Amino acid sequence: RNGYTIKNINVSESSDRVTNGLFGIISGNGKVVMTALENFTYNSDNFVGYTGGIAGCLLPGATIENCYVINSTINAPDDIVGGIVGLNMGNIANCYTLNIDITALQNLSGGICGDWSTTESTLSGMVKNCYTDHTLIGGANDSGITGTTENSSAAITTEAFAKGEIAFRLQKGNTTQVWGQDNNRNGAYP
């Protein structure tokens, strides 16, 4: 597996940037592939914006695929936060987050993306074959996959992960091996 794993980074920021993450904005035909964040800590006290582990904002035409964020904390109480992306208008595929702690604006957070709206022609995005163990914090607009969306996502039980059902479903339709599962590794997650 070729890719990059970035570990043990602590970022504390006090700025007026609207987008925050490993990358602020990914635009055009920009692509982030096979990149991992482990033990990443991000703290911000900036004004309302978008924050994600990989990127603050993913614009139309841009892609994040085969990436993950695990064992990380994103504390941005004035932002809309996603484990992978704050605002998704691009394409996210084959990504996951595990054991992430998110603090966000009025609990607008999601394990994959914080905001994902597909109702306006300028705000479109796709999330495909992604999963998270992010659970509800308690806010009305907080959910597992996305914080705000016109689409819905279903919760999957830990038991379904452990049995291999999710890895099988995620792999379906892929001609190359993308998902697999080793129950002795990664807490039985794909």
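Phe40 and Tyr42 are both buried in this predicted model. Their ring centres lie 6.5 Å apart. The two planes meet at 20°, so the pair counts as stacked. A pair of aromatic rings is described by the distance of the centres and the angle of the planes. Three aromatic pairs are counted in total.

A further stacked pair is formed by Tyr68 and Tyr96. The centres of these rings are 5.0 Å apart, and the planes lie at 10° to each other. That angle is under 30 degrees, so the Tyr68–Tyr96 pair is stacked. The contact links distant parts of the chain. Tyr68 belongs to strand 11, which covers residues 68–75. Tyr96 belongs to strand 15, which covers residues 96–103. The two tyrosines are 28 residues apart. Both count as buried: Tyr68 has a relative accessible area of 10%, and Tyr96 has a relative accessibility of 11%. The cut-off for this class is under 20%. Tyr131 joins Tyr68 and Tyr96 in one aromatic cluster.

Two asparagines stand out in their backbone angles. Most residues other than glycine have a negative phi. Asn71 is not a glycine, yet its phi is positive, at about 50°. Asn129 likewise is not a glycine and has a positive phi, in this case about 55°. The settings of the two residues can be stated in turn. Asn71 lies in strand 11. Its relative accessible area is 37%, so Asn71 is partly exposed. Asn129 lies in a loop. This loop runs between strand 18 (126–128) and strand 19 (131–132). With a relative accessibility of 18%, Asn129 counts as buried.

Strand 19 also holds Thr132. The relative accessible area of Thr132 is 13%, so this threonine is buried. Its side chain makes a polar contact with the side chain of Thr97, at 2.5 Å.

Strand pairing was examined next. Strands of a sheet pair through backbone hydrogen bonds, either parallel or antiparallel. One open sheet consists of four strands in the order 5-10-14-18, with parallel pairing. Its edges are strand 5 (31–33) and strand 18. Each of these edge strands pairs on one side only. Neighbouring strands of the sheet are turned against each other by 5° on average, direction ignored. Strand 5 runs parallel to strand 10 (residues 63–65), and three bridges join them. Within this pairing, Val32 has Ile64 of strand 10 as its bridge partner.

Another open sheet has four strands in the order 3-8-12-16. The pairing here is parallel as well. Strand 3 (19–20) and strand 16 (109–110) form the edges, each pairing on one side only. Strand 12 (residues 80–82) meets strand 16 in the parallel sense over two bridges. Val81 is bridged to Ser109, its partner in strand 16.

Strand 13 (residues 85–88) takes part in two further parallel pairings. Three bridges connect strand 13 with strand 9 (residues 55–58). Two bridges connect strand 13 with strand 17 (residues 113–116). Leu87 appears in both pairings. In strand 13, Leu87 is the bridge partner of Cys57. In strand 17, the bridge partner of Leu87 is Asp115.

For the protein as a whole, two helices and 20 strands are assigned. The protein has 190 residues, and 46% of them count as buried. Contacts were also sorted by sequence separation. Among those with a separation of 6 or more, 77% come from residues 24 or more positions apart. The accessible surface of the protein comes to about 9400 Å². Carbon and sulfur atoms account for 47% of this surface.

Note on methods. Residues numbered from 1 in each chain as written. Predicted model: local features only at pLDDT ≥ 70, side-chain atom pairs only at ≥ 80, totals over all residues. Heavy atoms only, no water. Phe/Tyr/Trp six-rings, centres within 6.5 Å; stacked < 30°, edge-to-face > 60°. Buried < 20%, exposed > 50% of the residue type's maximum accessible area, 1.4 Å probe, protein only. Pairing = 2+ DSSP bridges. Axes fitted to C-alpha atoms, helices over the stretch in contact; angles between N-to-C directions. Contact = heavy atoms within 4.5 Å. Areas by Shrake-Rupley, 256 points an atom, 1.4 Å probe, with all protein chains shown as cover. Polar contact = N/O pair within 3.5 Å; in protein donor to acceptor, adjacent residues only side chain to side chain.
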